[in-house]
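Reader: I'm in my first year and still learning to read these models. Could you take me slowly through one part, the place where chain B meets chain A?

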Number of protein chains: 4
Amino acid sequence: MTPTEKRSRLRAILKGDVCKSPATVWDALSARVAESAGFECGILSGSVCATTLLGAPDLALQTLTEFADQIRRITRASDLSVFADADQGYGNALNAMRTVEELEHAGLAGLAIEDLVMPAHFGRRGEPELIGVPEALGKLRAALSARRDASLVIAARTAALRIEPIARVVERTRAYAATGVDALFVTGLKKVEDLDAIRAAVDIPIILGSAPGISRADVEARGVRFRLQGHAVLAVCAKAMYETYMHFKADGDAEGLRSRMATAEEMARLMRSADHENWNDAYLN
Amino acid sequence: MTPTEKRSRLRAILKGDVCKSPATVWDALSARVAESAGFECGILSGSVCATTLLGAPDLALQTLTEFADQIRRITRASDLSVFADADQGYGNALNAMRTVEELEHAGLAGLAIEDLVMPAHFGRRGEPELIGVPEALGKLRAALSARRDASLVIAARTAALRIEPIARVVERTRAYAATGVDALFVTGLKKVEDLDAIRAAVDIPIILGSAPGISRADVEARGVRFRLQGHAVLAVCAKAMYETYMHFKADGDAEGLRSRMATAEEMARLMRSADHENWNDAYLN
Amino acid sequence: MTPTEKRSRLRAILKGDVCKSPATVWDALSARVAESAGFECGILSGSVCATTLLGAPDLALQTLTEFADQIRRITRASDLSVFADADQGYGNALNAMRTVEELEHAGLAGLAIEDLVMPAHFGRRGEPELIGVPEALGKLRAALSARRDASLVIAARTAALRIEPIARVVERTRAYAATGVDALFVTGLKKVEDLDAIRAAVDIPIILGSAPGISRADVEARGVRFRLQGHAVLAVCAKAMYETYMHFKADGDAEGLRSRMATAEEMARLMRSADHENWNDAYLN
Amino acid sequence: MTPTEKRSRLRAILKGDVCKSPATVWDALSARVAESAGFECGILSGSVCATTLLGAPDLALQTLTEFADQIRRITRASDLSVFADADQGYGNALNAMRTVEELEHAGLAGLAIEDLVMPAHFGRRGEPELIGVPEALGKLRAALSARRDASLVIAARTAALRIEPIARVVERTRAYAATGVDALFVTGLKKVEDLDAIRAAVDIPIILGSAPGISRADVEARGVRFRLQGHAVLAVCAKAMYETYMHFKADGDAEGLRSRMATAEEMARLMRSADHENWNDAYLN
């Protein structure tokens, strides 16, 4: 699948009637497994990049280059339509332009630019902080102008629900939607009423971050077409690794893990061994 | 721990009386989990790099740059003494020099250069092939000469047991040991007698690849100080990912996975959140 | 200009009536200067990569990743149609597939895979060596099969003129052309008669390496549509740098170099300062 | 030379009696030429990185990864003690820690963290802006704490002379010096009196940015031990490239450029061809 085809599929989901979810992916292996589980879309967020690449909390310590390289590994290895949470665009509006350029080049299907101050300003004691609306609009317009392939999805992500009263959130989202972004990405949703208020103000598709306790049917009915389910897969892998390492530490062998392992056949399928054998036969013999 | 300290620890293991094993690691998260499970050493092989970074079989498709970058992520995130299977040295003897330079710079504790033709020559139909002894000696001497930090472990890895009669294998390993390499890395061992023959010929420490069915006590008694246990952890992760993705695909939530997940506290510990909070307090407020 | 447009321009040159030449470029600055001098095409060879990135002779020490990164910097910064001498395809036929994939992704307009053994085999004492014809054909077919954008130019490069009698060279080139490659790249040409012999055997466009003493008119009349002029610009820059450094070493100031410097206005134009100011005005204020 | 030796040489210069200057370098070739011209130190600034890698003005568009990679190419290829202007530390105090870590790993001898807001804040219309003193102190302390090799030079760079009255500049520099940084880096100096005022307040070595019209003797007498001479070499190269490209465009050949080119022998020396030939003889034959 070409990057444009991957982007068109994501667009079709956003314009459709159903709320879909992406798989959290971070390398070639996870991308292939997600595809084999039937996912059409993947997501890479800054926090997942920090966990797997840096071993650090979500503090905007990764660089745009590292983030783009990780995305490229995923898009290269799979046909997933990959959506990325591109944090604040890795700097100001001009950096956001470069962010769009690099991530589009990495084969991304869609990305979101958020209105949160990142990395944190001095003296905030961990309190999250929003950039002003005019600054956010500048960034979104910059991001839109930097897109080369018109099919690339660009979303405005807002963290405002965690910080501002709903009336101001609604104002923000209305202004964001007016820039021509393809979707509004809302995080920190706690009650369906807030989604109603936002939905009443904007008519572009909504992407929703983790919102435990709010049902898919409820959000689907309110314009949400893409819903994140959180990155629990990392904690699952961490535990699975830990138990495997302890098994080997106690001098166990692979045989003793068989029931927990993907089979050799499955691994070969994930690695596209048959394709490589065909190429071997056709071109190297 | 400095790179030199990590290297000295690996050297001490090789010179010690006990046979230890490294954990298979491939990114910051796996390195941190391996450390938390009590491992002192990690290993990254070309095949694991191919699986996680490229989604490809072990056909020497990754580049030295990709391999070095992956190693750097592991050494940066952890105090593990990382040993790498550096395949054939990514080319001829001069490339092997660059391999040593780049991997030493990436913080590696030790590496092995193998005597296998890689990537495969034309027309071999998948049959493995050894380079000649003089060529192998040239590569090993080149690798040794490229080392800047004398504490970096350089091992000669041989795949000869799978290809040549034991008498010739013994000859090879004797010649390899004479170059001054720090260890001999033997793969494809099927019977302890072969190890006896090799042990009789060389008196440097032995590193042993996967050898199912041969006990740790048996190999320890024959000079093996570092023994690989295989990369089953990848297949365990692949299965854990698959089940997690299927859970989410069925609209399950993270709550339903709780028993399979590392706890939030454990994840925070793995990400060194407390350190980051201290830095936040000390330098950003 | 999109990558496809850059590729189509190179194709048009190859299919045209005129013999054009690319500028040797290696970073964003040289690419911009070449464009400002009116060049439509640029070239990056392995040797230029070795000079500027590694400070090493042309011994195949750079990695595919390094080469692709350098190409991406050029294609990102300019509208040049960039052609790359991709050496032997960075390994065997499967590596050549990856080479095409990575270089196409880097935005290349065209590339050549050469029939020279690279890096050098053991024991050759510097003597160049060709791979066999069947192996070369496998690589070319592999390269062609790896192309995603059909407009990407793939050429077969042969060093045979330096090594084999002309009759066998002709045989080689005929076989190469039959794979469906877009052009034949001939290096080491010493006499026009050899070009006649090759031209009589193949009817695809010819790309010609440095051939001092043979005129453009002569090669144009024999089907050469793209002719390299050598990488002298590097030695010119080396001398200009040296003199500048000596000037500063003697405590000279920039004023004393004014006549040798591009003007501030020209540098601003090369850096697209006006565009950046417009973006500043539009999105950051 | 090891990184620590390179750092110690820079320290010795800062603690000595003489004011030295670094050569502006940006890749392996420029580093080698600078060394051959007798320079002991090199400098890479954000603006030079932007020019050569991105083809962009100095707007903080390059990433830390790109900057570190470029430094690594220079330190790998030469024995220059490389000093880098690390801009604002690529983010807040925690990003500054990562900046020190990555640049130290890249083999840098010294770096400066500046007190300028970078990238520009929204709505400033190009007006430069300083961060507050407490924030700057936090960054400097963070940078110092992130250093692994105590010989790495860390300097506080201030742009305050361009923005604040001298009394406040003096206050700033006194506070910066009190953090324990190894040097104070002053830019935008217009009159020697300002240097007197700063010198009276701090007793650490001073590094001076471009200060046309102020003599080396004058600044040396006031504690300046390292003085930048500007990056004119880039404009010299741009002009030399342009003229070379125009020569080839007019179908000139390398012969016609001979007087402007470094000789083949000089290029071979710069590329360390003799070393490579020795390695070839010793290890590949």
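Author: Here is a walk through that interface, with a short look at chain C at the end.

A word on ground rules: this is a predicted model, where local features need pLDDT of at least 70, side-chain atom pairs count only at pLDDT 80 or more, and totals for chains, interfaces and linings use all residues. Residues are numbered from 1 along each chain as its sequence is written, chains are lettered from A and ligands numbered from 1 in the order in which they are written, and side-chain values use heavy atoms, with hydrogens and water left out.

Let's start with who touches whom. On chain B, 69 residues are in contact with 69 residues of chain A (contact means heavy atoms within 4.5 Å). The size of an interface is often given as the accessible area lost when the parts come together. Here the two chains bury about 6,100 Å² between them, 65% of it on carbon and sulfur atoms; buried area is the accessible area (1.4 Å probe) that two parts lose on being put together, summed over both. On the chain B side, Arg73(B), Tyr245(B) and Asn285(B) lose the most area to chain A, together 12% of what that side buries.

Now for the polar side of things. The rule finds 20 residue pairs in polar contact across this interface, both residues at pLDDT 80 or more (a pair of N or O atoms within 3.5 Å; within protein, one must be able to donate a hydrogen and the other to accept it, and residues adjacent in sequence count only if both atoms are side-chain atoms). It also finds 2 salt bridges, meaning a side-chain nitrogen of Lys or Arg within 4 Å of a carboxyl oxygen of Asp or Glu. Arg216(A) forms a salt bridge with Asp251(B), and their closest N and O atoms are 2.8 Å apart.

Which elements of chain B give two or more residues to this side? Among them are strand 1 (23–24), helix 4 (64–77) and helix 10 (232–249); helices (H or I, at least four residues) and strands (E, at least two) are DSSP runs, numbered from the N terminus. Helix 10 of chain B brings the largest share, 16 residues.

Finally, chain C. A rotation of 180° with 0.0 Å of shift along its axis superposes chain C on chain A, with an RMSD of 0.0 Å (a least-squares fit on the C-alpha atoms of residues with pLDDT of at least 70 in both). The two copies are thus related as by a two-fold rotation axis.
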